[in-house]
Amino acid sequence: MRVPVLVEHAPSPSASASPARRASPPSASGPRIAAVRCALPPHRYAQHELTGPIGDLCLSPGADRALLHRVHASAGVGTRHLALPIERYARLGDFGRSNDAWLETGLELGEEALSGALREAGLAPADVDLLVFASITGVAAPSLDARLAGRMGLRPDVKRIPLFGLGCVAGAAGLARVHDHLRGHPDDTAVLLTVELCSLTLQRGDSSRANLVAGALFGDGAAALVARGGNTDVGSSGGGSSSTVAPAAGPGVVATRSHLYPGTERLLGWEIGAAGFRVVIDAGVPDIVRGHFGRHLRAFLAEHELTVDDIGTWICHPGGPRILSAVSETLGLSEDALDCSRRSLAAVGNMSSVSVLHILEGIRARRAPEPGTWGLLLAMGPGFCSELVLLRW
């Protein structure tokens, strides 16, 4: 496979300007993350329990399973949660049935994650001013967020932004767009909801390496993140409800950066046909990370007079062992810097846009970083693109 040669555009005037002064710790004037909550389906399997059934779905009878076993063994995944019991996947039949299952299970998990995050933040559904919803594993109109609004009691005037097409990067990009909104609406409360049921996209009868890799890596889940604008405080309630709101205790969002890599559109994504979503995963993705990603990340940090060594907490999307190794190598990270990502991959697999929020939830649950610690939340996805979110506790 020939890796595309990237033609870098000339920097814009703002990009070539002198670096900004070192960003100060987030204050009451900036958006903060108030809560993160994940919801996982009850059907949990060890990786070795799935290898045989997935082989039955993807390979013809009597086919050599050596590659399947190698891919499953090297995926870095210990356990995964699936939207349905594994024996039901052979009976799904077509894209319509798979999408129906995405909608039914997605609504349940979305409600569980959203209600849990609001409860953790001390908020009611009526307090939500903006709901950003991301998924790339199913489609619906009205979108899933619209269906949840009435089901959960969100206000009729809640602003909604359903996102499709961002894939694994949507957890980071969705947080960035929430930050953009709250910078302009500091009295608001915004929620990012991601629902990914990756197992429902597995293509039956497809023995391609990409489909086998997807069948070894991806898991299912949902996550909700609540963020609050700088003017919110104890007793305030963005939508005028009577709830008493606790101060946000999570990290502040300091800055964000999006980047598209020209000529890489075919590296990652879907081919959509009668059978639904057929995954595209090109072997050249780690090479793009090694050749270009580190330079753009360092330039972003330099604008805030930071270096890689200043980042105390790394929240990196666990695209797979090769991606994590490429990120670690190109940035020169310590051996344990991406341990949170590897633990998430081992526990639940790659959950696409949900994964970075799952990692962030785990960090908050174990022990929050010391005040003043810099963090970087990062992900890559179809485009080929990357998204960076600079955090500070």
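Phe 277 is buried in this predicted model, with a relative accessible area of 4%. Since buried means under 20% relative accessible area, Phe 277 falls within that class. Its ring partner, Phe 95, is partly exposed, at 26%.

Let me turn to the aromatic pairs. A pair of aromatic rings is described by the distance of the centres and the angle of the planes. How many aromatic pairs are there? The count comes to three. In the pair of Phe 95 and Phe 277, the ring centres are 5.5 Å apart and the planes stand at 80 degrees, so this pair is edge-to-face. The cut-off behind that label is an angle over 60 degrees. The pair joins distant parts of the chain, as Phe 95 belongs to helix H4, residues 95–121, and Phe 277 to strand S10, residues 276–281, with the two positions 182 residues apart.

A second pair is formed by Tyr 261 and Phe 384. Here the centres lie 5.8 Å apart and the planes meet at 45 degrees, so the pair is tilted. Again, distant parts of the chain are linked, 123 residues apart. Tyr 261 sits in the loop between strand S8 (252–260) and strand S9 (268–273), and Phe 384 in the loop between strand S12 (374–381) and strand S13 (385–392). Are these two residues buried or exposed? Tyr 261 counts as buried at 2% relative accessibility, and Phe 384 counts as buried at 2% as well.

Returning to Phe 277, ring pairs connect this residue with Phe 95 and Phe 164 in a cluster. Phe 164 also takes part in a nonpolar surface patch, together with Val 139 and Ile 272. The patch covers about 290 Å². Within the patch, Val 139 is partly exposed, with a relative accessible area of 38%. Where does Val 139 lie? It is found in the loop between strand S4 (130–134) and helix H5 (144–152).

I close with helix H7, residues 209–217. Why is this helix described as largely enclosed by the rest of the structure? Eight of its nine residues are buried, so the description follows. Among the buried residues are Asn 211, Leu 212, Val 213 and Leu 217. What do the buried residues of H7 pack against? Their partners are helix H2 (47–58), helix H3 (66–73), strand S3 (79–82), strand S10, helix H9 (321–331) and helix H10 (339–348). Strand S10, one of these partners, is the strand that holds Phe 277.

Definitions and conventions:
Residues numbered from 1 in each chain as written. Predicted model: local features only at pLDDT ≥ 70, side-chain atom pairs only at ≥ 80, totals over all residues. Heavy atoms only, no water. Patch = residues over 30% accessible without salt bridge, like charges linked within 9 Å, V, L, I, M, F, W, Y side chains within 5 Å. Areas by Shrake-Rupley, 256 points an atom, 1.4 Å probe, with all protein chains shown as cover. Salt bridge = Lys/Arg side-chain N within 4 Å of Asp/Glu carboxyl O. Helix = DSSP H or I, 4+ residues; strand = E, 2+ residues; numbered from the N terminus. Buried < 20%, exposed > 50% of the residue type's maximum accessible area, 1.4 Å probe, protein only. Phe/Tyr/Trp six-rings, centres within 6.5 Å; stacked < 30°, edge-to-face > 60°. Contact = heavy atoms within 4.5 Å.
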